[in-house]
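Welcome to a short set of exercises on reading a protein model. Have the sequence and the 3D view open, try each task yourself, and then follow the solution step by step.

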Amino acid sequence: MKIICCSQTLPDRDVWPELLSKALPEADVVYWDEHSPVQDADLAVVWRPPAVLFERERKLRAVFNLGAGVDGLLKLSTLPPDLPVVRLEDAGMAVQMSEYVVHFLTGACRQFDAYAAQQRAGVWQALPELRREQWPVGILGMGALGSHVARTLQALGYDVAGWSRSGQAPEGVQAFGGVEALPAFLARTRVLINLLPLTPDTENILCRDTLSQLLPGAHLINLARGSHLVEEDLTSLLDSGHLSGATLDVFREEPLPAGHPFWADRRISITPHIAAASLRRETVEQITHKVRALMRGEPITGVVGRARGY
(Lines give C-alpha, C1' and ligand atoms only; values in the text may rest on other atoms or scores of the structure.)
Protein backbone atom coordinates (compact mmCIF):
# COMPACT_ATOMS: atom_id res chain seq x y z
CA MET A 1 0.00 0.00 0.00
CA LYS A 2 1.41 3.38 -1.05
CA ILE A 3 0.28 6.59 0.70
CA ILE A 4 1.30 10.10 -0.28
CA CYS A 5 1.05 13.15 1.99
CA CYS A 6 0.64 16.54 0.38
CA SER A 7 0.00 20.08 1.62
CA GLN A 8 0.81 23.54 0.33
CA THR A 9 0.19 25.38 3.60
CA LEU A 10 0.64 23.19 6.70
CA PRO A 11 3.73 24.37 8.64
CA ASP A 12 4.36 20.81 9.86
CA ARG A 13 3.69 19.11 6.54
CA ASP A 14 6.96 17.15 6.62
CA VAL A 15 5.95 15.50 9.90
CA TRP A 16 2.91 13.64 8.59
CA PRO A 17 4.72 10.94 6.56
CA GLU A 18 6.74 9.98 9.65
CA LEU A 19 3.68 9.90 11.91
CA LEU A 20 1.65 7.83 9.46
CA SER A 21 4.57 5.48 8.77
CA LYS A 22 4.82 4.67 12.48
CA ALA A 23 1.07 4.11 12.74
CA LEU A 24 0.88 2.13 9.47
CA PRO A 25 4.13 0.13 9.24
CA GLU A 26 2.60 -2.01 6.52
CA ALA A 27 2.36 1.05 4.23
CA ASP A 28 4.93 2.96 2.22
CA VAL A 29 4.27 6.60 3.17
CA VAL A 30 6.04 9.44 1.35
CA TYR A 31 5.77 13.20 1.09
CA TRP A 32 4.61 14.47 -2.32
CA ASP A 33 4.98 17.85 -3.99
CA GLU A 34 4.93 19.20 -7.53
CA HIS A 35 8.50 18.03 -8.11
CA SER A 36 7.91 14.43 -7.00
CA PRO A 37 7.79 11.65 -9.57
CA VAL A 38 4.51 9.84 -10.09
CA GLN A 39 4.03 7.42 -7.19
CA ASP A 40 0.97 5.50 -8.42
CA ALA A 41 -0.25 5.82 -4.84
CA ASP A 42 -3.29 4.05 -3.44
CA LEU A 43 -4.26 6.81 -0.98
CA ALA A 44 -3.53 10.48 -0.43
CA VAL A 45 -3.58 12.43 2.84
CA VAL A 46 -3.87 16.12 2.00
CA TRP A 47 -4.54 19.67 3.12
CA ARG A 48 -5.04 22.22 0.35
CA PRO A 49 -3.08 20.19 -2.21
CA PRO A 50 -2.08 21.58 -5.62
CA ALA A 51 -4.43 20.74 -8.47
CA VAL A 52 -1.66 18.91 -10.30
CA LEU A 53 -1.71 16.15 -7.67
CA PHE A 54 -4.84 14.60 -9.15
CA GLU A 55 -3.61 15.03 -12.70
CA ARG A 56 -0.52 12.96 -11.99
CA GLU A 57 -1.71 10.43 -9.40
CA ARG A 58 -4.37 8.55 -11.35
CA LYS A 59 -4.57 5.35 -9.27
CA LEU A 60 -5.84 6.83 -6.02
CA ARG A 61 -8.58 4.88 -4.29
CA ALA A 62 -9.45 7.64 -1.78
CA VAL A 63 -8.20 10.97 -0.50
CA PHE A 64 -8.18 11.84 3.22
CA ASN A 65 -8.54 15.52 4.11
CA LEU A 66 -6.63 16.79 7.17
CA GLY A 67 -9.62 18.78 8.37
CA ALA A 68 -13.39 18.76 8.60
CA GLY A 69 -13.95 21.41 5.92
CA VAL A 70 -13.58 20.12 2.36
CA ASP A 71 -14.87 23.10 0.36
CA GLY A 72 -11.40 24.00 -0.94
CA LEU A 73 -10.65 20.44 -1.98
CA LEU A 74 -13.98 20.01 -3.76
CA LYS A 75 -13.34 23.17 -5.79
CA LEU A 76 -10.33 21.62 -7.53
CA SER A 77 -11.31 20.97 -11.13
CA THR A 78 -8.80 18.12 -11.32
CA LEU A 79 -10.39 16.14 -8.47
CA PRO A 80 -11.92 13.04 -10.10
CA PRO A 81 -15.71 13.04 -9.61
CA ASP A 82 -15.74 9.42 -8.49
CA LEU A 83 -12.78 9.61 -6.07
CA PRO A 84 -13.99 9.17 -2.46
CA VAL A 85 -13.12 12.12 -0.23
CA VAL A 86 -12.91 11.40 3.50
CA ARG A 87 -13.01 14.27 6.00
CA LEU A 88 -11.88 14.31 9.61
CA GLU A 89 -14.58 13.76 12.20
CA ASP A 90 -13.70 15.73 15.32
CA ALA A 91 -10.05 14.62 15.86
CA GLY A 92 -9.91 16.70 19.02
CA MET A 93 -11.58 19.75 17.49
CA ALA A 94 -14.93 19.51 19.28
CA VAL A 95 -13.58 20.20 22.77
CA GLN A 96 -11.50 23.13 21.51
CA MET A 97 -14.49 24.57 19.67
CA SER A 98 -16.61 24.31 22.79
CA GLU A 99 -13.93 26.02 24.88
CA TYR A 100 -13.76 28.85 22.37
CA VAL A 101 -17.52 29.35 22.34
CA VAL A 102 -17.80 29.24 26.13
CA HIS A 103 -15.06 31.88 26.44
CA PHE A 104 -16.69 34.38 24.12
CA LEU A 105 -20.28 33.60 25.09
CA THR A 106 -19.64 34.06 28.80
CA GLY A 107 -17.56 37.12 28.03
CA ALA A 108 -20.68 38.67 26.52
CA CYS A 109 -23.41 37.43 28.83
CA ARG A 110 -21.34 37.87 32.02
CA GLN A 111 -20.09 41.24 30.76
CA PHE A 112 -16.44 40.33 31.30
CA ASP A 113 -15.41 42.59 28.43
CA ALA A 114 -17.13 45.50 30.12
CA TYR A 115 -15.37 44.71 33.38
CA ALA A 116 -12.03 44.60 31.56
CA ALA A 117 -12.75 48.08 30.20
CA GLN A 118 -13.64 49.25 33.71
CA GLN A 119 -10.33 47.88 35.01
CA ARG A 120 -8.41 49.86 32.40
CA ALA A 121 -10.33 52.97 33.49
CA GLY A 122 -9.82 52.27 37.21
CA VAL A 123 -13.56 51.87 37.82
CA TRP A 124 -14.95 49.61 40.59
CA GLN A 125 -18.61 49.14 39.68
CA ALA A 126 -20.88 46.08 39.59
CA LEU A 127 -22.95 46.07 36.41
CA PRO A 128 -26.64 45.09 36.32
CA GLU A 129 -27.09 41.32 36.31
CA LEU A 130 -27.82 39.65 33.00
CA ARG A 131 -29.69 36.37 33.37
CA ARG A 132 -28.76 33.32 31.32
CA GLU A 133 -32.29 32.92 29.98
CA GLN A 134 -31.84 36.28 28.27
CA TRP A 135 -29.20 34.67 26.04
CA PRO A 136 -30.87 31.92 23.98
CA VAL A 137 -28.23 30.31 21.77
CA GLY A 138 -28.77 29.07 18.23
CA ILE A 139 -26.22 26.88 16.47
CA LEU A 140 -26.16 26.62 12.68
CA GLY A 141 -24.86 23.14 11.85
CA MET A 142 -25.46 20.00 13.88
CA GLY A 143 -22.50 17.87 12.83
CA ALA A 144 -19.94 16.51 15.27
CA LEU A 145 -18.68 19.96 16.21
CA GLY A 146 -22.05 21.69 16.43
CA SER A 147 -23.57 18.86 18.48
CA HIS A 148 -20.69 18.91 20.96
CA VAL A 149 -20.95 22.68 21.38
CA ALA A 150 -24.71 22.34 21.89
CA ARG A 151 -24.31 19.73 24.62
CA THR A 152 -21.62 21.81 26.35
CA LEU A 153 -23.74 24.96 26.45
CA GLN A 154 -26.79 22.97 27.48
CA ALA A 155 -24.85 21.60 30.46
CA LEU A 156 -24.07 25.20 31.48
CA GLY A 157 -27.76 26.00 31.57
CA TYR A 158 -28.18 27.89 28.31
CA ASP A 159 -31.32 27.57 26.20
CA VAL A 160 -29.87 25.96 23.06
CA ALA A 161 -31.39 25.29 19.66
CA GLY A 162 -29.82 23.77 16.58
CA TRP A 163 -30.57 24.21 12.88
CA SER A 164 -29.50 21.85 10.13
CA ARG A 165 -30.74 20.60 6.81
CA SER A 166 -31.89 17.33 8.39
CA GLY A 167 -33.34 18.80 11.58
CA GLN A 168 -31.37 16.47 13.86
CA ALA A 169 -30.06 17.67 17.22
CA PRO A 170 -28.88 16.14 20.52
CA GLU A 171 -31.49 15.24 23.10
CA GLY A 172 -32.77 18.30 24.93
CA VAL A 173 -31.65 20.70 22.18
CA GLN A 174 -34.53 22.29 20.29
CA ALA A 175 -34.24 21.12 16.70
CA PHE A 176 -35.05 23.09 13.55
CA GLY A 177 -34.69 21.56 10.10
CA GLY A 178 -34.80 22.87 6.56
CA VAL A 179 -35.10 26.29 4.99
CA GLU A 180 -38.71 26.66 6.07
CA ALA A 181 -37.71 26.43 9.76
CA LEU A 182 -34.88 28.97 9.57
CA PRO A 183 -36.99 32.09 10.37
CA ALA A 184 -38.39 30.54 13.56
CA PHE A 185 -34.90 29.43 14.59
CA LEU A 186 -33.47 32.91 14.08
CA ALA A 187 -36.37 34.67 15.82
CA ARG A 188 -35.68 32.87 19.12
CA THR A 189 -31.88 33.35 19.01
CA ARG A 190 -29.76 36.03 20.64
CA VAL A 191 -26.35 34.38 20.20
CA LEU A 192 -25.88 32.84 16.76
CA ILE A 193 -23.01 30.36 16.35
CA ASN A 194 -22.17 29.31 12.81
CA LEU A 195 -20.64 25.85 12.28
CA LEU A 196 -22.09 25.08 8.87
CA PRO A 197 -20.10 23.52 6.04
CA LEU A 198 -19.51 25.89 3.15
CA THR A 199 -21.64 24.89 0.17
CA PRO A 200 -23.38 26.84 -2.61
CA ASP A 201 -26.51 26.77 -0.43
CA THR A 202 -24.79 28.19 2.68
CA GLU A 203 -22.46 30.78 1.10
CA ASN A 204 -23.48 34.29 2.26
CA ILE A 205 -26.04 32.82 4.67
CA LEU A 206 -24.96 35.33 7.35
CA CYS A 207 -26.42 38.35 5.62
CA ARG A 208 -28.76 41.24 6.38
CA ASP A 209 -31.84 39.11 5.74
CA THR A 210 -30.92 36.38 8.23
CA LEU A 211 -29.07 38.42 10.86
CA SER A 212 -31.85 41.02 11.08
CA GLN A 213 -34.23 38.22 12.15
CA LEU A 214 -32.25 37.60 15.34
CA LEU A 215 -33.38 39.03 18.66
CA PRO A 216 -32.38 42.67 19.21
CA GLY A 217 -28.91 43.06 20.65
CA ALA A 218 -27.79 39.74 19.17
CA HIS A 219 -24.20 38.51 18.99
CA LEU A 220 -22.70 36.55 16.09
CA ILE A 221 -19.95 33.94 16.48
CA ASN A 222 -18.66 32.71 13.11
CA LEU A 223 -16.35 29.69 13.33
CA ALA A 224 -16.99 28.01 9.98
CA ARG A 225 -15.89 29.90 6.86
CA GLY A 226 -15.43 33.56 6.03
CA SER A 227 -17.55 33.19 2.89
CA HIS A 228 -20.61 32.50 5.05
CA LEU A 229 -20.60 36.15 6.12
CA VAL A 230 -21.51 39.24 4.12
CA GLU A 231 -19.14 41.63 5.86
CA GLU A 232 -20.88 44.85 4.85
CA ASP A 233 -24.19 43.57 6.25
CA LEU A 234 -22.56 42.78 9.60
CA THR A 235 -21.13 46.29 9.86
CA SER A 236 -24.49 47.83 8.95
CA LEU A 237 -26.37 45.84 11.59
CA LEU A 238 -23.76 46.70 14.22
CA ASP A 239 -24.13 50.38 13.31
CA SER A 240 -27.92 50.16 13.62
CA GLY A 241 -27.66 48.52 17.05
CA HIS A 242 -29.56 45.40 16.04
CA LEU A 243 -26.36 43.43 16.62
CA SER A 244 -24.38 44.22 19.76
CA GLY A 245 -21.19 42.44 18.75
CA ALA A 246 -19.51 39.72 16.76
CA THR A 247 -16.74 37.18 17.27
CA LEU A 248 -15.00 36.14 14.05
CA ASP A 249 -12.40 33.39 13.69
CA VAL A 250 -12.64 33.04 9.89
CA PHE A 251 -12.54 35.55 7.05
CA ARG A 252 -12.95 35.76 3.30
CA GLU A 253 -9.27 36.62 2.98
CA GLU A 254 -6.81 35.12 5.42
CA PRO A 255 -4.72 36.55 6.94
CA LEU A 256 -7.13 39.42 7.41
CA PRO A 257 -5.53 42.28 5.44
CA ALA A 258 -3.94 45.20 7.26
CA GLY A 259 -6.29 48.14 7.13
CA HIS A 260 -9.44 46.01 7.05
CA PRO A 261 -12.15 47.89 9.00
CA PHE A 262 -12.74 44.91 11.30
CA TRP A 263 -9.32 45.44 12.95
CA ALA A 264 -10.34 48.78 14.44
CA ASP A 265 -13.95 47.90 15.29
CA ARG A 266 -14.19 47.36 19.05
CA ARG A 267 -17.53 45.62 18.60
CA ILE A 268 -15.79 42.76 16.79
CA SER A 269 -13.45 40.24 18.41
CA ILE A 270 -10.94 38.73 15.96
CA THR A 271 -8.91 35.53 16.22
CA PRO A 272 -6.69 34.12 13.43
CA HIS A 273 -8.56 30.90 12.54
CA ILE A 274 -7.56 29.13 15.75
CA ALA A 275 -10.91 28.12 17.27
CA ALA A 276 -10.09 24.44 16.78
CA ALA A 277 -7.17 22.58 15.24
CA SER A 278 -6.89 18.92 14.34
CA LEU A 279 -4.74 17.27 17.01
CA ARG A 280 -1.97 15.10 15.62
CA ARG A 281 -2.47 11.98 17.72
CA GLU A 282 -6.24 11.91 17.28
CA THR A 283 -5.92 12.64 13.55
CA VAL A 284 -3.39 9.87 12.96
CA GLU A 285 -5.47 7.38 14.96
CA GLN A 286 -8.59 8.24 12.98
CA ILE A 287 -6.91 8.05 9.59
CA THR A 288 -5.12 4.81 10.51
CA HIS A 289 -8.36 3.13 11.54
CA LYS A 290 -10.14 4.23 8.38
CA VAL A 291 -7.27 3.30 6.06
CA ARG A 292 -7.16 -0.23 7.41
CA ALA A 293 -10.93 -0.59 7.21
CA LEU A 294 -10.95 0.74 3.66
CA MET A 295 -8.22 -1.65 2.55
CA ARG A 296 -10.23 -4.53 4.05
CA GLY A 297 -13.21 -3.44 1.99
CA GLU A 298 -15.21 -2.32 4.99
CA PRO A 299 -17.42 0.80 5.04
CA ILE A 300 -16.06 3.91 6.79
CA THR A 301 -17.63 7.09 8.10
CA GLY A 302 -16.73 10.62 7.06
CA VAL A 303 -17.06 10.02 3.33
CA VAL A 304 -18.14 13.30 1.77
CA GLY A 305 -21.38 13.43 -0.19
CA ARG A 306 -20.38 15.36 -3.30
CA ALA A 307 -23.94 16.53 -4.00
CA ARG A 308 -24.38 18.15 -0.58
CA GLY A 309 -20.75 19.25 -0.25
CA TYR A 310 -19.89 17.72 3.15
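**Exercise 1. A histidine in a loop**

Task: Find which backbone nitrogen the side chain of His260 reaches, and decide whether His260 is buried or exposed.

Solution:
- Step 1. The side chain of His260 reaches the backbone nitrogen of Phe262, at 3.0 Å. Keep in mind that this is a predicted model.
- Step 2. Next, place the residue: His260 sits in the loop between strands S11 and S12.
- Step 3. Buried means under 20% relative accessible area. His260 has 16% relative accessibility, so it counts as buried.

**Exercise 2. A proline in the loop**

Task: Work out what kind of peptide bond joins Glu254 and Pro255.

Solution:
- Step 1. Locate Pro255: it belongs to the loop between strand S11 (243–248) and strand S12 (268–270).
- Step 2. Look at omega for the bond joining Glu254 and Pro255; its value is about -5°.
- Step 3. This is a cis peptide bond. For comparison, most peptide bonds are trans.

**Exercise 3. A serine at the end of a strand**

Task: Describe where Ser7 is found and which backbone nitrogens its side chain reaches.

Solution:
- Step 1. Ser7 is found in strand S1, which covers residues 2–7.
- Step 2. Its relative accessibility is 4%, so Ser7 counts as buried.
- Step 3. A polar atom of the Ser7 side chain lies 3.1 Å from the backbone nitrogen of Thr9. The side chain of Ser7 also reaches the backbone nitrogen of Leu10, at 2.9 Å.
- Step 4. Now set aside the neighbours within four places in sequence: Ser7 is in contact with Arg13, Tyr31, Trp47 and Arg48.

**Exercise 4. Checking a helix with a ruler**

Task: Compare the expected span of helix H6 with the distance between its end C-alpha atoms.

Solution:
- Step 1. H6 runs over residues 144–155, which makes 12 residues.
- Step 2. The expected span is 1.5 Å times one less than the number of residues. For H6, this gives 16 Å.
- Step 3. The end C-alpha atoms of H6 are 17 Å apart, which agrees with the expectation.
- Step 4. Now see which residues are hidden: Leu145, Gly146, Ser147, Val149, Ala150 and Leu153 of H6 are buried. The buried residues of H6 pack against helix H4 (93–109) and strands S6 (137–140), S7 (160–164) and S9 (191–194).
- Step 5. Just after H6 comes Gly157, with a positive phi of about 95°.

**Exercise 5. Two helix pairs**

Task: Describe how H4 crosses H6, and how H1 crosses H10.

Solution:
- Step 1. Two packed helices are described by the angle between their axes and the distance between the axes.
- Step 2. The axes of H4 and H6 come within 9 Å and cross at roughly 50°. H4 is therefore oblique to H6, and their crossing is right-handed.
- Step 3. Look at the residues that meet: among them are Met97, Val101 and Leu105 in H4, and Leu145, Val149 and Leu153 in H6.
- Step 4. Turn to helix H1 (residues 15–23) and H10, whose axes come within 10 Å and cross at roughly 55°. H1 is therefore oblique to H10, and this crossing is right-handed.
- Step 5. On the H1 side, Val15, Trp16, Leu19, Leu20 and Ala23 meet residues of H10, including Val284 and Ile287.

**Exercise 6. Positive phi and a valine**

Task: Find what sign phi has in Asp90 and Asn204, then look at Val291.

Solution:
- Step 1. Most residues other than glycine have a negative phi.
- Step 2. Asp90 has a positive phi of about 75°, although it is not a glycine. Asp90 lies in the loop between strand S5 (85–86) and H4. With 27% relative accessibility, Asp90 counts as partly exposed.
- Step 3. Asn204 has a positive phi too, near 65°. Asn204 lies in the loop between S9 and helix H8 (208–211), and at 32% relative accessibility Asn204 counts as partly exposed.
- Step 4. Val291 is part of helix H10 (residues 280–295). At 1% relative accessibility, Val291 counts as buried.
- Step 5. Leaving aside neighbours within four places in sequence, Val291 is in contact with Met1, Ile3, Leu24, Leu43 and Phe64.
- Step 6. Val291 and Asp90 are 201 residues apart along the chain, and their C-alpha atoms are separated by 17 Å.

Terms used. Residues numbered from 1 in each chain as written. Predicted model: local features only at pLDDT ≥ 70, side-chain atom pairs only at ≥ 80, totals over all residues. Heavy atoms only, no water. Helix = DSSP H or I, 4+ residues; strand = E, 2+ residues; numbered from the N terminus. Buried < 20%, exposed > 50% of the residue type's maximum accessible area, 1.4 Å probe, protein only. Contact = heavy atoms within 4.5 Å. Polar contact = N/O pair within 3.5 Å; in protein donor to acceptor, adjacent residues only side chain to side chain. Axes fitted to C-alpha atoms, helices over the stretch in contact; angles between N-to-C directions. Parallel < 35°, antiparallel > 145°, perpendicular 65-115°, else oblique. Left-handed = near helix turned anticlockwise from the far one by under 90°.
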